[in-house]
There are 2 protein chains.
Amino acid sequence: MSIRIGILGYGNLGRGVECALKQNPDMELKAVFTRRAPETVEILTKGVPVLLADEAEKMKDEIDVLILCGGSATDLPAQTPKYSQWFNVVDSFDTHAKIPEHFEAVDETAKKGGKVSVISAGWDPGMFSIARVYAMAALPEGENYTFWGKGVSQGHSDAIRRLEGVKDARQYTIPVESALEEVRSGKNPELTTRQKHTRECFVVAEEGADKAKIENEIKTMPNYFSDYDTTVHFITEEEMKRDHTRLPHGGFVLRGGKTGWNKENGHVIEYSLKLDSNPEFTSSIIVSYARAAYRMNAEGQSGCKTVFDIAPGYLVAESAAELRRKYL
Amino acid sequence: MSIRIGILGYGNLGRGVECALKQNPDMELKAVFTRRAPETVEILTKGVPVLLADEAEKMKDEIDVLILCGGSATDLPAQTPKYSQWFNVVDSFDTHAKIPEHFEAVDETAKKGGKVSVISAGWDPGMFSIARVYAMAALPEGENYTFWGKGVSQGHSDAIRRLEGVKDARQYTIPVESALEEVRSGKNPELTTRQKHTRECFVVAEEGADKAKIENEIKTMPNYFSDYDTTVHFITEEEMKRDHTRLPHGGFVLRGGKTGWNKENGHVIEYSLKLDSNPEFTSSIIVSYARAAYRMNAEGQSGCKTVFDIAPGYLVAESAAELRRKYL
């Protein structure tokens, strides 16, 4: 019997989850829920209904895990506590600073409902968080480093789009290769924000806009750009469409540390991702945590869980014996 | 109250565990057990007794986790089932093909004793196994690759030492950079044994030995060398001591895979290690799994566990709330 999945929210992430389910034969898409008019939403999977988000509750006995594909700013803080009373759920809540309060809210409703909720699944938070903790376990005396990119930052692209005279924009975060190499050498350097990443912006300006002013506004924007070396390229709408429609991303988590009675031996652990599609990779991870949520709940567990609380064996379809035999 | 640790077997690994304990203030070394005459074994930690292995059982109420630092060939298949009836234990059993039977034997005695046994902790099996499974979860349609090195292979060094006319030998396993690059490009190539690794041997010959014969015997040795491009260097005893006493190692686990409705997006996940000391890094990981064994047993769990069964949060001293706040 396959694990019955519902998707709530059908944007990039929801579509990514739908694609990922196709690669996981022990799971089955039962319904997509949307806040839009269902008849306007066309999905890829034949024969699966698109329903109003408000009707999800009625299907609580037909869905094993509801995957929440909304945004972290306003959707998930409301949705995850709400739906976790009826369903095992997974979200990809990624506002790092607000994870503790999100956890508390979800834990309460999930425990009341006797369900398992997994929050903050994805790659950062998610796989990168796991890489940090395993590395800390292996090297208690050391230093963690995280580099992002090369990849599109949606938040930074949006910040540029809000400027006067800007029609469209895409921002790439790029790790500084020399800083990466220094960390890889095991030196555990102290690195400033500017030393770790550069930012490259591609901007379509409106006709007659003051490009020098836009460039200056980008480069001096606090929080987003002022602490970085930033390059701005003005391009045409056609170039934007031709060269910048994909959402690649990736990054590096490293830890350098010492062992030995007198700390005489150095070690470097590195985990890295090179992704053609940020939302599809994130979705694919979320789907594996849906399997974990289902299994943990079937064992009688309930409450809110993060990637730190979930053993790797729960994530894949293979049995524990098969994993030991083939991958240990 | 700290976690009370015993070490059984005081070679490279046992000494590494002792060093690692110094970096984990929530743990405390209570005793070292040896099969040698205890008075001949000098350890680094002041005030900790060295006792006969046969006396370990008597200390079962004073030790929370016994770390088994014997070899996989003959020590651990007997020791882990035996000691798991009295203690939570951790071993680094690394004979991949025999893991299933080792698991069964240990699971039985650990369950009877109501203890948790963690087998095959280290980096391969261990961190590399975990990297494979997380990568498979994220990319169900893809291919795993493991490269080892550059590092000393004890098994291959020993195989050379057994040849007539050889006084000492050290063998380095080296990943082929071009093969690594091909995998990193996301091409998921089919690679033969010869295409993945080369082997470099440093040999001290006995006086008057036939070097050409030794070199030929190495290069044609089945299983160990005949499937590889192998280089042999004859060096002096002094050079061996000067340049080849450390035990560096490392390696790479990669997975390339596709996502998307029509598999239109490619992704590459890479995990790598660069280690000055193979035994010390292994020991450090083992110690983190000792913490996990203790905690899982305190929760009422028993039986044999592998790295696949253990959530990352169990491995580090930080509380779950602290981990969520600082590392998620």
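**Notebook: chain interface, domains and helix packing**

I began with charge pairing between the chains, and across the interface of chain B and chain A the rule finds zero salt bridges. I note at once that this is a predicted model, and I keep that in mind for each entry below.

Entry on the chain interface. I looked up the extent of the contact next, and found that 72 residues of chain B touch 72 residues of chain A. The area buried between the two chains comes to about 6,300 Å², and carbon and sulfur atoms give 62% of that area.

Entry on a helix pair across the interface. I then asked how helix H10 of chain A, residues 278–298, meets helix H4 of chain B, residues 127–138, and I found that their axes come within 7 Å and cross at roughly 110°. Because of that crossing angle, I record H10(A) as roughly perpendicular to H4(B). On the H10(A) side, the contact is made by A:Phe281, A:Ser284, A:Ile285, A:Ser288 and A:Tyr289, while H4(B) contributes B:Tyr134, B:Ala137 and B:Ala138. Sorting these residues by class, I have six nonpolar, two polar and no charged residues in the contact of H10(A) with H4(B).

Entry on the domains of chain A. I looked up how chain A is divided, and wrote down domain 1 as 1–122 + 277–325 and domain 2 as 125–276. The C-alpha centres of these two domains of chain A lie 28 Å apart. For the contact between them, I found 17 residues of domain 1 against 12 residues of domain 2, with a buried area of about 1,100 Å², of which carbon and sulfur atoms give 72%. I also checked for salt bridges between domain 1 and domain 2 of chain A, and the count is zero.

Entry on a helix pair within chain B. What do the axes of helix H2 and helix H3 of chain B do where they come together? I found that H2(B), residues 75–83, and H3(B), residues 99–113, have axes that come within 8 Å and cross at roughly 25°. An angle under 35 degrees counts as roughly parallel, and I therefore describe H2(B) and H3(B) as roughly parallel to each other. The residues in contact are B:Leu76, B:Pro77, B:Thr80 and B:Pro81 of H2(B), together with B:His102, B:Ala105, B:Val106 and B:Thr109 of H3(B). By class, I count five nonpolar, three polar and no charged residues in the contact of H2(B) with H3(B).

Notes. Residues are numbered from 1 along each chain as its sequence is written. Chains are lettered from A and ligands numbered from 1 in the order in which they are written. This is a predicted model: local features need pLDDT of at least 70, side-chain atom pairs count only at pLDDT 80 or more; totals for chains, interfaces and linings use all residues. Side-chain values use heavy atoms; hydrogens and water are left out. Axes are lines fitted to C-alpha atoms, for helices over the stretch in contact, and angles run from 0 to 180 degrees between N-to-C directions. Helices (H or I, at least four residues) and strands (E, at least two) are DSSP runs, numbered from the N terminus. Angles under 35 degrees count as roughly parallel, over 145 as roughly antiparallel, 65 to 115 as roughly perpendicular and the rest as oblique. Contact means heavy atoms within 4.5 Å. Ala, Val, Leu, Ile, Met, Phe, Trp, Tyr, Cys and Pro count as nonpolar, Asp, Glu, Lys and Arg as charged, and the others, Gly among them, as polar. Domain bounds come from an automatic or database domain assignment. Buried area is the accessible area (1.4 Å probe) that two parts lose on being put together, summed over both. A salt bridge is a side-chain nitrogen of Lys or Arg within 4 Å of a carboxyl oxygen of Asp or Glu.
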